[in-house]
Every structure is written in structure tokens, then in C-alpha cells.
Amino acid sequence: MAAEIQPQPQTRKPVLLSKIEGFQDVVSTAVIIPKEDGVISVSEDRTIRVWLKRDSGQYWPSVYYTMPTTCSCMSFNPETRRLSVGTDTGAVSEFILSEDYNKMTPARTYQAHQGRVTVVLFVLEIEWVLSTGQDKNFTWHCSESGQQLGTYRTAAWVSGLQFDVETRHVFVGDQSGQVTILKLEQDNCSLVTTFKGHTGNVTALCWDPVQRVLFSGSSDHSIIMWDIGGRKGTAIELQGHNDKVQGLCYASHTRQLISCSSDGGIVIWNMDVTRQETPEWLDSDSCQKCEQPFFWNFKQMWDSKKIGLRQHHCRKCGQAVCGKCSSKRSTIPLMGFEFEVRVCDSCHESITDEDRAPTATFHDSKHSIVYMHYEPTTGNLLTSGTDKVIKLWDMTPVVS
Ligand SMILES: [Zn+2]
Ligand SMILES: [Zn+2]
């Protein structure tokens, strides 16, 4: 069922600080440099650029480097100023940036994949470069020796990758919609479990090592919060986008999740509330409220001489109900439904105005977002769009 979000005017919203333009193609990944008014971008136009804010308030490139091929992804480690860039040919190229961000020196290239590198992640604590490619391989290399340590074949090509340093678990989100959890050893890895909940590709993953919570975003417009630290197998759904989820960032200091979608929507979720799991949908041959038969229930239709009805489900209690017994709609924010969904008449009566208080705010970035990065030290957010523009936002009015 297609449900439309009714956007309410927000008084507090992200403030657009700057735009960075001049790309010949889409910026596949860009990050804000912490403690510096700077941005690093890698683009489909083959360029790696470092942008520093000048006295004029504009961002100008201090590094402009052209790669032999398209840059598909990137990982930047601020402590070592190491930049790992994934490319279309399957190579991961490493660079070291100078302290003043005016110079970039090539360090090493890993022949990691047979096709486009989809995600690269450098883990300083263990000196590993993790990467995934369209060849459906997940590989990890030692960044000290340059050697490949291991590889794992994934079910589909991977679009989200997160790593828990403490326990050395890797979370791999793929195009089949599942998240695979692997335990990594030095040179081998073992399958721990898989999370299945999305009906579309996994497009983004975000791991919060403090609360031990994994967020997954999908092309099915939904986000799922997998509560690993809670140890109860809880999975909470968040429905607040009308298009493919493209990015997820967690502000752990305020317990807010920032998500964005390809229609330009940015949603800020308050995760400091006790949320409820959505119920399983119950099966019944007749309405669980008025007991009228559903249309496949020929026996009861014949016996009671009644025409069968369509089956619907109440999003709050999960009961199978007819259209007449579920004519009303409501938001259920604590179940993640920030837009109105079908509820049965008795649930509708039980939902109070207080229950309907939104737990998220909705904003419009006014470009189709392909990538997003949040920097908690400055409170700034970066969005990169299909319009080949990077936008920088002050999020302090809404993330605080
Ligand atoms: Zn009914
Ligand atoms: Zn109900």
C-alpha cells in the first residue's frame, strides 16, 4: 500500500551552509574533514578533490587529482589522513594527505576485485582494508603488508559494509535485501547469521558500537533497527521515506538517526524513545472483528449466503480485518509509522493524541541524494546529489 507522508512545516530545520559545484559527474562519496573546514570528494568524473574553505567563504580545491578510471567509493581515516579509493576496475588505491591538506601522495594499490568496488572501509585499529565489489566478493587486506588476507563470496553484490572493531564482526548488506554477519579472523571468516527483513536491496548500513545497534536502509523505503545489544532479537521498523533510502548516520551523543532518500528527503529520528515492534500479520478466513468471510472462504460464504470480503491487516494489532472494520487511518510513531496506516476500529479508539506525537522530523534537501555523511564534532551534514552538487548543512537546529 502506497502511503504518503504528510509533511508538516518545521520551524527548526537544517541550514544550508555551502554548495560545492563544478563536477562533471556525480560525486559517489564525499566526507567532511573533522577539525578542518574541508571536504574530500571522489567522483564518477574520475577526480579526487580536497576542498578547503577560503576566507571568501567558498570552498576551493587544494588537491585535484585525476584517476585513470571512475572513483566508485572511498574511506577516509582522519588520524592517519589515509584515503582509500575504490574504482570501477576493481582496484583500491591508497593515498596519504599532508597535514595541511594541500598535498596528496599515492601510497599503494590493491587489486581487490574483478569489477567495480562498491564499498571500501579502512580499519585503523587492526590495519585492515575491507572491500566489496560487483564480483560479489568481500575481501580484506593487511594495509601494512599489502597482502590479501581473505575473501568471502556473498549472495549478491554488496552495497553496505560496517565493522565492529571490538568483536571483529562484519555486517554485509547486499542487493538481495539481506544482511550477513561474519566473524573475521586473520585469514578466514565464518558465517554467524543473516538478517532478513527488507523486500528490496539493502542500500545503506550504520553500526553504533556503543548501543550495539545496526540500522539498515533499503530501496523498499524502510529502515530496520536491529537491536543486537538488547539480546532479545528485537527488530524495529522505521517508515518515514517515500523513496529509496540512500544513507544512514547515527548521532550517538543525541541518540538521533539521520536518514536520507533519493527523493531528497532527510528524516531525523528520535531513537531515545521506547519503540515497539510491528506485529506479525495474523491469518484468518474471516474478519477477526465482524466474522464476515473473506473471499476465498467459499464454505462459509455458501453456508451464510454472504459475499466474501477482501482481507486487510491492522498495522497495530496485526489482526486480519475487513475494510469496513478498518476504515480509519492513524500514525503510530512508536511503531515507526510516521505516516498514516490502516488500523482496525478498536485500535483507532485506543490510540491517543499523545501516542500520535511524531518521533521524527522531515526535511527537504532539494536534490536527489546519492550519498550522505555526518560529522558530529561540527554538527554538519554533507549530501551529494545526482545534480553533481555537494551541499553542506548545519544540523545543530535539529540534531541536539
Ligand atoms: Zn469486519
Ligand atoms: Zn487493531
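In the predicted model, A155 touches D174, S176 and Q178, when residues up to four places away in sequence are left out of account. The position of A155 falls in the loop that lies between β13 (148-153) and β14. With 14 other C-beta atoms within 10 Å, A155 counts as partly exposed, because a residue is called buried at 20 or more such neighbours and exposed at 12 or fewer. C260, by comparison, is separated from A155 by 105 residues in sequence and by 26 Å in space, taken from C-alpha to C-alpha.

The strand that follows this loop, β14, belongs to an open sheet of four strands, arranged in the order β14-β15-β16-β17 with antiparallel pairing. The edges of the sheet are formed by β14 (158-164) and β17 (189-196), each of which pairs on one side only. From one strand to the next, the twist averages 20 degrees. Strands of a sheet pair through backbone hydrogen bonds, in either a parallel or an antiparallel manner. Within the sheet, β15 (residues 169-174) and β16 (residues 178-184) run antiparallel and are joined by five bridges; F171 has I181 in β16 as its bridge partner.

In soluble globular proteins, nonpolar side chains tend to be buried together. The largest nonpolar core of the model comprises 84 residues, of which V39, L205 and F215 touch the most other members. For F215, the residues touched are C206, I223, M225, L248, Y250 and L257, again without counting residues up to four places away in sequence. Another core, of 14 residues, lies apart from the largest one and includes C325, F337, V341 and V343.

According to UniProt, in an unreviewed entry, the feature "repeat: WD" is placed at residues 20-51, 195-228, 238-272 and 362-395. Two of these annotated spans may be described further in terms of the model. Residues 20-51 are 0% helix and 59% strand, and the C-alpha atoms at the two ends of this span are 9 Å apart. Residues 362-395 are 0% helix and 62% strand, with end C-alpha atoms that lie 13 Å apart.

As regards confidence, the protein chain has a mean pLDDT of 93, and 98% of its residues reach 70 or more. Among the elements of the chain, confidence is lowest in helix α1 (residues 298-304), where the mean is 78, whereas the highest value, 98, is found in strand β7 (residues 82-87).

Conventions:
Residues are numbered from 1 along each chain as its sequence is written. Chains are lettered from A and ligands numbered from 1 in the order in which they are written. This is a predicted model: local features need pLDDT of at least 70, side-chain atom pairs count only at pLDDT 80 or more; totals for chains, interfaces and linings use all residues. Two strands pair if DSSP finds at least two bridges between them. Axes are lines fitted to C-alpha atoms, for helices over the stretch in contact, and angles run from 0 to 180 degrees between N-to-C directions. Two residues are in contact if their C-beta atoms, placed from the backbone, lie within 7 Å. A nonpolar core is a set of buried Ala, Val, Leu, Ile, Met, Phe, Trp, Tyr and Cys residues joined through C-beta atoms within 7 Å. pLDDT is the predictor's confidence in each residue, from 0 to 100. UniProt positions are given in the numbering used here, feature names are shortened, and annotations may be inferred rather than shown by experiment.
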